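Colleague: Could you take a close look at one part of this model, the surroundings of the ligand, and describe them with the cut-offs behind each term?

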Amino acid sequence: MIETVKKLLKILPQNDRGKLLILFLMMLVGSILEVFGIGMVPVFVSVIQDPDRLFEVRKLAFIWDLTGISDSRDLLVYGSVALVTIFLLKNAYMVFLYYIESKYIYKRFGIIASNLFDAYMNAPYTFHLRRNTAELIRNVTNESREIAYNVLRPILLMGMEIIMIISIFGLLLYVEPTITIIALVLLGGVGGVFLRLIKKRMRYHGKRALKERGRIIQIVNEGLGGFKDATVLNRQDWFIQRIQKTIHPLVKALTFRNITDKAVKPGIETIAISGMVLIAVLLLWQGRTVSAIIPVLSLFGAATIRLMPALRNFISQYNQLRYNSYAVNPVYDDLHELGFKEIKSAKSLNVNKADKLKLKRRIDLKNIYYKYPNSVDEVLKDVSITIQKGEAIGFIGPSGAGKTTIIDLILGLLEPTKGEILIDGVNVKDNKESWQSNIGYIPQFIYLADTSIKQNIAFGLPDDQINEDWLWEAVKAAQIEDMVKRLPNGLNTMVGEQGTQLSGGQRQRVGIARALYHKPQVLIMDEATSALDNYTEKFVLEAIESLRGKRTILTIAHRITTVQNCDMIYLIKEGQILNRGNYEELINSSEEFRRMNLLES
Ligand SMILES: Nc1ncnc2c1ncn2[C@@H]1O[C@H](COP(=O)(O)OP(=O)(O)O)[C@@H](O)[C@H]1O
Ligand SMILES: [Mg+2]
């Protein structure tokens, strides 16, 4: 519990401690008002019972002088008005307090979710390599809300209720010590036993539910993502079964959670009614007159009316906290790993974070070694490459040779375990963003968002920041101008989820246009045309060929024809450079290359 609170305080914005204090003080005022309201009830009852007695009280004489109230009828009227006014003011304040509290809570949800998403979006590539997206989605969409609404709120409410409960019992103890102590022992005993009984299971179910929430997203992703395969293979049942198996413990957890919550009210009600009866009996037993008992009973009655929900809320919130405290862990762990930096709420869009790191002469890879964080062996061993500005470079080799790893290193997504990558002598490591903003990257599968062609080309830019001239330059260079012009909606045509409205060749060329939009000096293609048929590939390659000389082009392919025209081809095998040279040179010098060439023709 203390652990949870500590982590929570780390997750919340740092200036929140002050805000929490203010909120707490407001709650304190609220509970004082509540107690005052309850205290008013027996006073009012005595007034109705015996108005004349009040006129005899010396200390109150000034009130009657001041207001001119002199008979019992006036007293009743004014007393009623005063009582109603006091309750009205008190409750107006309470509504205001609830508003402030809700606003605070839900704002925290927004802050935690955005901070977490910010952290994920700025995380190192290796972080995403080892994490399942389903979990990250769950943390941003679900767990941040759980933390705000079902961890932070219960703690605040419990604080408020406990102040309220103590204040009310304080008042009761002051007025009727003996009876209050008996009631206290009774309530405390029963409540304590109840909480002890369910504590362990509450934690168990909470932990379980957290895990299954992540798994559900994962299974739905896998099932829907592999929909075509699942249908053709008739394997839908396997996914459905997995969902059912995952949902089952969640259903059990939710049922348990709900019944323990619902059972609190009848439980407390039973205790309260028995308590009232017991108090009445005790009072009579003490030999008090009925007229003396009535104000006392009304005090206890009014107190019970307020205590019942307070106790119920306290127990509910306590259970809520136990059940949901696990939501804090994944969010805390990720923010802890990625850094607890806070984003400003109205951060202006920062598109060009860094000036481009200009390529003047050459790119050097110097004795690069690379090992993935979770792998045993080195994937790249002593790779040295020099690329002159304006050259077209090809990388070929069997799958798993390490080609993508080389590219991800050049892209600055990965950092070499040993060796360095220099741009005109400047280390990429220290200039990642400015280097990346000078690269156009085209992967094998272009990720297309379900928006227009235009927004997919100027990926991640708001409409009003899209430069139309740049857009059309990119469209022309990628050779999709004709296609776009033939579409009734032109660049505003929607591409469909994952670009299902476009053909494979069109998708790749939209990808090329995206890479070219921001006018990079370096163009990197990782199997960018591998999924295309030879005929379509030829068109896409033509688009790239037209950029020769103007840009430095790095192409990865597994077909020699794709890289045939390159100035320099590197043959990669088992993490090392086996041979290098242009097409003719390799044909003459490399046995392996000749074999690959023969297989293709
Ligand atoms: N995220 C990863 N974690 C561990 N090993 C990886 C990871 N990605 C790739 N590898 C391994 O690194 C080697 C090179 O992979 P890769 O660079 O993708 O090859 P290529 O692009 O030439 O097909 C392979 O043996 C592969 O299994
Ligand atoms: Mg690859």
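Modeller: What follows is a description of the shell around the ligand.

This is a predicted model, in which local features need pLDDT of at least 70 and side-chain atom pairs count only at pLDDT 80 or more, while totals for chains, interfaces and linings use all residues. Residues are numbered from 1 along each chain as its sequence is written, chains are lettered from A and ligands numbered from 1 in the order in which they are written, and side-chain values use heavy atoms, with hydrogens and water left out.

The residues around ligand 1, counted as near if one of their heavy atoms lies within 4 Å of it, are Leu129, Tyr372, Asn374, Val379, Pro398, Ser399, Gly400, Ala401, Gly402, Lys403, Thr404 and Thr405. By class, this shell has 5 nonpolar, 6 polar and 1 charged residues, where Ala, Val, Leu, Ile, Met, Phe, Trp, Tyr, Cys and Pro count as nonpolar, Asp, Glu, Lys and Arg as charged, and the others, Gly among them, as polar. Helix α13, residues 403-410, gives the most to the shell, with 3 residues; helices here are DSSP runs (H or I, at least four residues), numbered from the N terminus.

Turning to individual atom pairs, an oxygen atom of ligand 1 is 2.7 Å from a polar backbone atom of Gly400, and a backbone N or O atom of Lys403 lies 2.8 Å from an oxygen atom of the ligand. A nitrogen atom of ligand 1, in turn, is 3.2 Å from an N or O atom in the side chain of Asn374. Taken alone, ligand 1 exposes 560 Å², of which the protein buries 65%, with accessible areas coming from the Shrake-Rupley method with a 1.4 Å probe.

Key. A polar contact is a pair of N or O atoms within 3.5 Å; within protein, one must be able to donate a hydrogen and the other to accept it, and residues adjacent in sequence count only if both atoms are side-chain atoms. Helices (H or I, at least four residues) and strands (E, at least two) are DSSP runs, numbered from the N terminus.
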